[in-house]
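Please work through the following exercises with the sequence and the model side by side. Try each task before reading its solution.

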Amino acid sequence: MKSTVVILQRHLNKLRWGVLTVVFGMLVLLPFLHLYQTYEAAHAYDLLLPGEKSVSDSMEWLTSPFINDPVEDLNKLKGTTWSATFFGLKLSDPLAVVGQISAGKIIYLPFLLTALIPVLLTILFGRFYCGWICPATFIYELNDSLATWLRKAGLPVSRRKLDFRLKYLVLGMGIVISAFSGIIVFAAMYPPAIIGREIYYAIALDGFGAGMVFFLMTLLFDLMVSRRGFCRYVCPGGALYSLLGRFRILRIKRDATQCNDCAKCNVVCQFGLNPLRDNFSQECNNCTACIAVCPTDALSFTVNVKDLDYQGPGHLGHNYRQKQSKQSKQAR
Amino acid sequence: MKRRTFVQTLIAAGIVTFTASEGQAARQQPSIRFLRPPGSLSESDFISRCIRCGKCGEVCPNRCIQYFDLQNGVSSMDTPFIIPREQACILCMKCGEICPSGAIQPFEREMNAIIDNVKMGKARVDTNLCLSYQGKTCGVCYRACPLQDVAIKTGMLEQPHVLEACVGCGLCERSCIQIPQAIRIIPNHDRAIV
């Protein structure tokens, strides 16, 4: 009865972790490639320190099958998720464009176009960036696992719930402050941008900068105030993606005939949504954790512009069967 | 909304606006001597347009581009800068090519384009320190200059004379053998880039 497509969706969460790991790995790898490039450009292999020589050797081993001239060819792969050059294609975070327009009061077309592909993908797939690409999500989810362990060890880990709309206020205030001060404040308070930069500073320059302090504060916020609190309630990028992806076409849907009301999906959802009551809303980042955890494969991706209204209790659950038997008694 | 809340909001907004514009006025005086990468817009435009992605430093083959922490104020946090005495710009123009935001404008790596559009600063010779002016023939800065005889020329005893075309890459300051350096770049932060 269940199609293989639905059953295969159970493994999407593993694929997602693979993607997150690859993105984070690239952020670590690219500064090393940059160092290798500079060593090559200087033509001074013999003058390098032993550590630098090992960096140069390993990067040469890694890249030599693909490129001829490291100094020029490696420039095709640069940047972070905030703004990247990907084989000649420049991609930028839509939040960077919003920040530049509000701070510089200027529309710079070449920069606007770099955000076109991310914006289109967000309109189609919603907040997928938050769940599938964001390098900060990689760390935040590990931090969330840490919170679970701390909880098991008996330490108090707070799971307060605030208002989801707080982050729209942060986005609005960010735009207003950018416009008045002429500084792109989002660049200093958007975790993926900070992470990308700080990894580069730590590897290629002289260690972490001030942004790392802010990022550690957000990790503490997640532990001490709310589960994934920064992503849920503060992140301006998340707010922008939620707004853009409000009418996304790819949504997770609960199949009430398969659901047994076990509520594992609600427990596993890091964004505090309510898949059990068909409530995904614009906040859902398509992370597929609920699909992976569902024991009866009741949750799956569908193409739909709107969430379903609450379909009632799952047909395999206790409540539904009780209701059914009551109805059949009445009918008799 | 009650009238009282409205008035309170208005006052709060006014205070935020005032402090923000004060900040804008305060950030005009840099506290240290630094250069922006070649092709950068004027200082205030640069700060409002740079998205702090760090790609200019990642593409720089000479590793001369560093990033501000908090030493030049909050407004220029994470923006790129060059300290010419530590590592100077070789005018490869790759940073402008990769910059997505237009804060560093792309220009061709061609002499006239560079002379016309790159305005990082201008070199100035301290004749009291310069060895050539003290009668000891040196000429290191002249040999380090990528625009020899266009941006700098030498006179008697290889005494350097900086010309109008100097773009301020800082290679002369980097190479100066005198301590402290006898030639240094005076940054041009009010530059106008077309």
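The exercises below move from one whole chain to an interface, then to single residues and salt bridges.

This is a predicted model, in which local features need pLDDT of at least 70 and side-chain atom pairs count only at pLDDT 80 or more, while totals for chains, interfaces and linings use all residues. Residues are numbered from 1 along each chain as its sequence is written, chains are lettered from A in the order in which they are written, and side-chain values use heavy atoms, with hydrogens and water left out.

**Exercise 1. Describe chain A as a whole, beginning with its helices and strands.**

Chain A holds 18 helices and 5 strands, where helices (H or I, at least four residues) and strands (E, at least two) are DSSP runs numbered from the N terminus. Next, take its extent: the C-alpha trace of chain A spans about 90 × 50 × 45 Å along its principal axes. Of the 332 residues in chain A, 49% are buried; buried means under 20% relative accessible area, exposed over 50%, and partly exposed in between, with a 1.4 Å probe and protein chains only. Finally, consider contacts, meaning heavy atoms within 4.5 Å: among those in chain A with a separation of 6 or more, 73% are between residues 24 or more positions apart.

**Exercise 2. Characterise the interface of chain A and chain B, and find how many salt bridges cross it.**

Start with the residues that take part, which are 40 from chain A and 34 from chain B. The area buried between the two chains is about 3100 Å², and carbon and sulfur atoms give 57% of that area; buried area here is the accessible area (1.4 Å probe) that two parts lose on being put together, summed over both. The rule finds 2 salt bridges across this interface, a salt bridge being a side-chain nitrogen of Lys or Arg within 4 Å of a carboxyl oxygen of Asp or Glu. In one salt bridge, the side chains of B:Lys94 and A:Glu72 meet at 3.2 Å, N to O.

**Exercise 3. Is A:Gly238 buried or exposed, and which residues is A:Gly238 in contact with beyond its neighbours within four places in sequence?**

First locate A:Gly238, which lies in helix α15 (residues 236–244) of chain A. With a relative accessibility of 1%, A:Gly238 counts as buried. Leaving aside neighbours within four places in sequence, A:Gly238 is in contact with A:Arg127, A:Cys130 and A:Lys167. As for A:Thr38, which is 200 residues away along the chain, its C-alpha atom is separated from that of A:Gly238 by 36 Å.

**Exercise 4. Which parts of chain B does the salt bridge of B:Glu173 and B:Arg33 tie together?**

The closest N and O atoms of B:Glu173 and B:Arg33 are 2.8 Å apart. B:Glu173 lies in helix α7 (residues 171–175) and B:Arg33 in the loop between α1 (3–26) and α2 (43–49), so the pair ties together parts that are 140 residues apart in sequence. The two partners can then be set side by side: B:Glu173 is buried at 0% relative accessible area, whereas B:Arg33 is partly exposed at 29%.

**Exercise 5. Describe the salt bridge of B:Arg36 and B:Glu43, then state the count over all chains.**

The side chains of B:Arg36 and B:Glu43 meet at 2.6 Å, N to O. B:Arg36 is buried, with a relative accessible area of 1%, and B:Glu43 is buried as well, with 11%. Over all chains, the count by this rule comes to 16 salt bridges.
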